Amino acid sequence: MSTSTSTVLTPEIDQKLSPLARAIRANAFFSGISALVFLLGARPIASWIGLGEPALLTAVGVLLLLYAPVLLWISNRRPIPRWMAWVVIDLDILWVIGSAILVFTDWVPLTVAGKWTVVVLADIVAGFALIQYIGLRAEARAKD
């Protein structure tokens, strides 16, 4: 009788990534996916959320497309410099503040669907800011 062993192939997960690095990496992937959605669907999304022209979405998409690899690069630093983590957190907070301005003013005439879309995206970005902050605090405590 022969014995066979089964090997389950699972993706390699870098167990050495800190919670901060994982949060920033997740932010990078979300930013990259958002960039592609904004760039590839700029015209229909702009129409759906109440923008006349897709230029604003295209610009945001380009910025996010440039930002995502920077976040990925930061997440690969060992250790992540505190000031870099704070810049990422602060930029997320600025995104949330900008989103609130868009929703609560008529600076950009958004549809109801547009306002809800902005709110949902702002909530996701606020979540990234929070988990990045928690990761940063955990690293600070680990050093003490």
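The largest pocket of this predicted model holds about 750 Å³ of space. Its lining comprises 30 residues, and those nearest its centre are Phe38, Val60, Leu64, Trp95 and Ser99. By character, the lining residues divide into 22 nonpolar, seven polar and one charged. Each of H1, H2, H3, H4 and H5 supplies at least two residues of this lining.

**The chain around the pocket**

Five helices and zero strands are found in the chain, which gives the pattern α-α-α-α-α along the sequence. Of the 144 residues in the chain, 35% are buried. Among contacts between residues at least 6 apart in sequence, 71% join residues at least 24 apart.

**Serine 99**

One of the residues nearest the centre of the largest pocket is Ser99, which belongs to helix H4, residues 82-104. Is serine 99 buried or exposed? Its relative accessible area is 7%, below the 20% limit, and serine 99 is therefore buried. When neighbours within four places in sequence are set aside, serine 99 is in contact with Val118 and Ala122.

**Helix H2**

Helix H2 spans residues 42-49, and its buried residues are Ala42, Ala46 and Ile49. Viewed down the axis of H2, these buried residues fall within an arc of 75 degrees, so they line one face of the helix. The general geometry of an α-helix is relevant here: with 3.6 residues a turn, residues three or four places apart point the same way. On the face of H2 turned away from the buried side are the exposed residues Arg43, Pro44, Ser47 and Trp48. Just after H2, glycine 50 adopts a positive phi of about 105 degrees.

The buried residues of H2 are covered by elements that include the three helices tabulated below.

| Helix covering the buried residues of H2 | Residues |
|---|---|
| H1 | 19-40 |
| H3 | 55-75 |
| H5 | 112-143 |

H1, H3 and H5 thus take part in covering H2, and each also supplies at least two residues of the pocket lining.

**Confidence in the model**

The chain has a mean pLDDT of 91, with 89% of its residues at 70 or more. Over residues 6-12, however, the pLDDT is below 50, and this stretch has zero contacts in the model beyond near neighbours in sequence. Where pLDDT is low, the predicted coordinates should not be read in detail.

Key. Residues numbered from 1 in each chain as written. Predicted model: local features only at pLDDT ≥ 70, side-chain atom pairs only at ≥ 80, totals over all residues. Heavy atoms only, no water. pLDDT = per-residue confidence, 0-100. Contact = heavy atoms within 4.5 Å. Buried < 20%, exposed > 50% of the residue type's maximum accessible area, 1.4 Å probe, protein only. Helix = DSSP H or I, 4+ residues; strand = E, 2+ residues; numbered from the N terminus. Arc of directions from axis to C-beta. 1 Å grid on protein atoms, 1.4 Å probe; cavity = no way out; pocket = protein on both sides within 12 Å on 5 of 7 lines; lining within 4 Å. Points joined across faces, edges and corners; volume = space filled by probe spheres on them. Nonpolar A, V, L, I, M, F, W, Y, C, P; charged D, E, K, R; others polar.
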